[in-house]
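Visitor: I would like a close look at a single part of this structure. Please take me through the contact between the two chains, and the strands beside it.

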Amino acid sequence: MVRIPQRVFRLGPLRCAPRDIPLSVWQAHVIKHPFGLNALMTPRLHGGKRRWDEEGWHTEAHPVITGEMRREIAERITALSSEGKSCRVSRLSNEEYGGDVPNDWEACYRCPQQLAESCAEILKPVSGAYASVLDDTLALLDDPNGKLVSRASFAAALWRCTPSHSRPKGLAALSVGIIRSNDRTRTVARINSSAGTRIEFQLDGAEMRWRTTYRKPVRTVGAQLAFLMDYPETPFVPHTLSDLVLIPRLWSEENGVGS
Amino acid sequence: MTAAQSPIASIRDQVTSSLSAISRQTFEPFDASVAALVITTLGDALRIGATVPHSLFDQLSRVSEDQLGAAINHAIEGLKSSPISVASIQEAVGERDLAESFQIGLVRTCLARGSISEMLPGFVAFKLIRTELDELLDQQVTQQRAEQLLGQRRWLLTGSDWTRRLRSDSTDDVAEIDSTTALPLDASSSFEPTVTVVDSYIRLGIARKWVEDFAANNDDFRDRLRELIAALHEAEEDVSLLAWKWWRGTAPVPVAKRVTKRLAAASGDIRRTRRMIRLGRLDPISAEANLTIDDSDIVLNVFEQPGTIKRIEFGGTSTTNIGTDSTWTVRVASSQAAMLLRVEDVRGQTFETILQLSE
C-alpha cells in the first residue's frame, strides 16, 4: 500500500486525509504518467511517433523524472524477476512509439505483489516526487491558504491577466462536478494547476479520495487558460460547489477576484 | 455565496464574465492561442445564448486576416493532436466540440468584419481535419456516448448538435424511445436523464416515463425541470402538451395566434407565413401532434401508429375519418379562443386538454 497524501488537508468544506492506495494501482499511475507509457500509447489524429516525455514531468523546477533516470529505471525493471515472473508492460523501454497499441501496456494493475514491491523500490525516486506534487498542490489550497470564489469571477480574473501574457504561476483551482464512465457517474473534485497538472479525487460527501494525477502540457497562454477553466461536468442537480472554485487566497487578492 | 445554479445558467455566467473581461482588452500584443480561445469562447456564447458585448465585435473586426489565419492554425493544431485511442476518446470528443465553437465564433467574427470565413487562410484545411475527426469518432463512439463524454460542454449542445452526425446507439436512442413503455420503472427512475433526453421530453414529450419518474424521486431535479419548462415557455419555444400537463396540470395550454409577417421578395407585398407548433406525444395514445396556424385557420395534424385512433375532437369539430399516411387532420377557424382537444383510441383510452388561443 502507498499512503497519500502525507497529512490531512482542509480545502474549504472538503477534507483530504491520508489513505492507503493499493501498490499495483499507484505503480500503474507512476508508469502511465511520469514514466510516460500513457503518452506513448495514445495515438493522435495526425500523429506519427509519440514521446515518453509529452506530459512534461521532466520540465518541473524539481523534475519528477529525467531521461537519464528513466533509462536506468527501465533497465532495472526489465531485469527484475520474482518467482519466475517478470514485468509484462509492453514497450517499457521505448522512448518513442508510433505503432499499434498493445493490449498489455497497463499490466501493472495485475502485477504480482512481490514483483510490484521490487519494482516500487526501483521507482522510489520518481514515485516519491510524483506523490509530492499532490501534497504541494493541496498545500496551495489548504485552509487558510484557499479562498472560494465564483467561477465567473475567476474566469474574468484569468482573462484580465492575458494582455500582458503574464502566465499565472503557483495557481491551482479546485472544482467539483461529475465524470461519467461506462458503468457509473462519479462525483469528483478536480484540481487544475497553472503548470498543467491535474489531480482528481473521488468525492464521498466531504471526503476526498485520490484517483489520478497527470499532466497536460500548457505550452501557450490560451492552452493554460482553457486548462485552468476545464471543470468536471456540472450535474443537472448541481452540487453546492458547482458554481465555485477554490483558488489560492494570495492569487485571488493579487488579481482582485471577488467572491 | 448564493445557491448553485442550473448547469446551463452556470456556464452562461462563466461565458458572460469571460466575454465581459475580454471585451475590455485589446489583442495587442497578438497571441494566436489567445485569439483562438477568444473566438472559441465567442462560439460558446453564441451556442448557449449568452449576451455578447458589442465592443468585442469591434475588437475582432480590427484583427487582421493574417492574425485570424494564425488563430485558425492554432485550432488546427488542437484538432491534429486529438487522441484517437478508445481510452482517450473523451479528450477527442472535447477537441471536436471546441472546434464546433471555434467555427461558429469564427463565422460570426467574419460577419463583424464583413468578410467570409471560407476565404481565410487555413479555414478549408480546418474543416477538412474536423471532418476527418468526425469520421474517426463515428467509428468509435455513438451520439449518446459522445454527449456523455462531453462533460461540462454537453450543455452547449442545446444550441448546436454536431453529435447528431455520429451513429446512434439503438438501445439508447432518444428518437426511438417509446415514452410509455421503453424504460422499466426501476431502470428509468434511477439514472438521471441526459440533457438531450430532458430537451426531447420538454419539446416533444419523448421519454416521459423516464423524466417524470426521475423527477418524482428527486426534488432538485423536479425544481430544475420546472424552471427549464418555464424558461422555454417564456421564450416562446415549443413545449409539448405532456410537459405542460406535468408542469401546469389541467391549466389550458396557451397557444400564441401571432403569425409572422414578411415581405415577398418578388412583389414587395406583405405576406403572412404559416406557423407550425409542435405539440409532441399524446400519451397514453401512441400518436403525436402539431398545429399549423395561418391567418384564418388552425389545422391540427395527428400522426398515429397505424390503427390506433378511433376519434378526434378539436375546437368543436370531431372526426372519425383518417387521412393519408396515418395522419388525422382537423381544420377549425382561428377565431375561437378556447378549444378542447380530445383524442380517443380504439382501446377506449383518451388524451384530453384545452388549448387557449392568444394574440
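Guide: Here is the side of chain A that touches chain B, followed by a run of strands. This is a predicted model: local features need pLDDT of at least 70, side-chain atom pairs count only at pLDDT 80 or more, and totals for chains, interfaces and linings use all residues. Residues are numbered from 1 along each chain as its sequence is written, while chains are lettered from A and ligands numbered from 1 in the order in which they are written.

Start with the contact. Chain A brings 40 residues and chain B brings 39 (two residues are in contact if their C-beta atoms, placed from the backbone, lie within 7 Å). On chain A, helix H5 (151-161), strand E8 (172-180) and helix H6 (221-228) each supply at least two residues. Helices (H or I, at least four residues) and strands (E, at least two) are DSSP runs, numbered from the N terminus. H5(A) gives the most to this side, with seven residues.

Now follow E8(A). This strand runs antiparallel to strand E9 (residues 185-193) of chain A, and nine bridges join them. Two strands pair if DSSP finds at least two bridges between them. A:Ile179 stands opposite A:Arg186 in E9(A).

E9(A) also pairs with strand E10 (residues 197-204) of chain A. That pairing is antiparallel too, over five bridges. Here A:Asn192 has A:Arg198, in E10(A), as its bridge partner. The hairpin of E9(A) and E10(A) has three residues between the strands. In this hairpin, A:Gly196 takes a positive phi near 95°.
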